Amino acid sequence: MNAALTKPFWERKSLAEMTTAEWESLCDGCGRCCLAKLQDEETDEVYFTSVACQLLDTDSCRCTNYPKRLQLVPDCVGLTPDNLAEISWLPSTCGYRLVAEGKPLYDWHPLLSGSHKSVHEAGISVRGRVLSESFVHEDDLEDHIIHWID
Ligand code: SF4
Ligand code: SF4
């Protein structure tokens, strides 16, 4: 058999060639991108906080209204093959970022582990480490900066 055909889709297809289902499955479900971020105006450096978007289910780490997320949350970034390269703050563990950079997925990624639980078991998801923005005043975000996401 042609060796190229035995490779998984994320190694043999470009991002633009993937089906919608394949594209969506690159998301490991960590919830990291759904945390509020602060940007240093002088250095442009982006800092993650432990404050989650109001639509994030902080237990499952999934969006509670994925189909309408872009209408409901203006700050929500809808990742596409076209805008991926422009988003510099995606976590280094993010499945989209890894594939875009030609790097392998981690063994806890559901596409490799076969289970959505593995991202929680590996301590990669935000489960148990964040609180909803409903409980934090915008002016206090700085007090919630975290350093466990790079
Ligand atoms: S950081 Fe990447 S892998 Fe994690 S939830 Fe966001 S899009 Fe999915
Ligand atoms: S709207 Fe959903 S996908 Fe967008 S940041 Fe909030 S929880 Fe994440």
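**Exercise 1. In this predicted model, find the residue that stands opposite V51 and state how the two strands involved pair.**

Solution.
- Step 1: V51 stands opposite L131, a residue of strand 5.
- Step 2: Strand 5 covers residues 131-132, and its pairing with strand 2 is parallel.
- Step 3: Two bridges make up this pairing.

**Exercise 2. Describe how strand 1 and strand 2 are joined and paired.**

Solution.
- Step 1: Locate the strands: strand 1 takes in residues 35-39 and strand 2 residues 46-52.
- Step 2: Their sense is antiparallel, with four bridges between them.
- Step 3: For one facing pair, take K37, which has F48 of strand 2 opposite.
- Step 4: The two strands form a hairpin, and six residues lie between them. In the turn, D44 has a positive phi of about 70 degrees.
- Step 5: Put this beside the first exercise: strand 2 pairs with strand 1 in the antiparallel sense and with strand 5 in the parallel sense.

**Exercise 3. Place L15 in the chain, classify L15 as buried, partly exposed or exposed, and list what L15 touches.**

Solution.
- Step 1: L15 sits in the loop that runs between helix 2 (9-12) and helix 3 (20-25).
- Step 2: Count the neighbours: 18 other C-beta atoms lie within 10 Å of L15. A buried residue needs 20 or more, and an exposed one has 12 or fewer. L15 is therefore partly exposed.
- Step 3: Leaving aside residues up to four places away in sequence, the contacts of L15 are P81, L84, V99 and A100.
- Step 4: Take P81 from that list. L15 and P81 are 66 residues apart in sequence, yet their C-alpha atoms are 5.7 Å apart in space.

**Exercise 4. Which residues surround ligand 2, and how do they divide by class?**

Solution.
- Step 1: The residues around ligand 2 are C34, C53, L55, L56, C63, R69, V73 and C76.
- Step 2: Sorted by class, seven are nonpolar, one is charged and none is polar.
- Step 3: Arg counts as charged, so the charged residue in the shell is R69.

**Exercise 5. Give the order of the elements in the protein and judge its compactness.**

Solution.
- Step 1: The protein has seven helices and five strands.
- Step 2: Starting at the N terminus, the order is α-α-α-β-β-β-β-α-α-α-α-β.
- Step 3: The radius of gyration is 16 Å, close to the 15 Å of the globule rule for 150 residues, so the protein is as compact as a globular protein of that length.
- Step 4: The C-alpha trace spans about 60 × 35 × 30 Å along its principal axes.
- Step 5: Of the 150 residues, 24% count as buried.
- Step 6: Among contacts with a separation of 6 or more, 59% join residues 24 or more positions apart.

Notes
Residues are numbered from 1 along each chain as its sequence is written. Chains are lettered from A and ligands numbered from 1 in the order in which they are written. This is a predicted model: local features need pLDDT of at least 70, side-chain atom pairs count only at pLDDT 80 or more; totals for chains, interfaces and linings use all residues. A residue is near a molecule or strand if its C-beta atom, placed from the backbone, lies within 6 Å of it. The radius of gyration is taken over C-alpha atoms; the globule rule is 2.2 Å times the number of residues to the power 0.38. Two residues are in contact if their C-beta atoms, placed from the backbone, lie within 7 Å. Two strands pair if DSSP finds at least two bridges between them.
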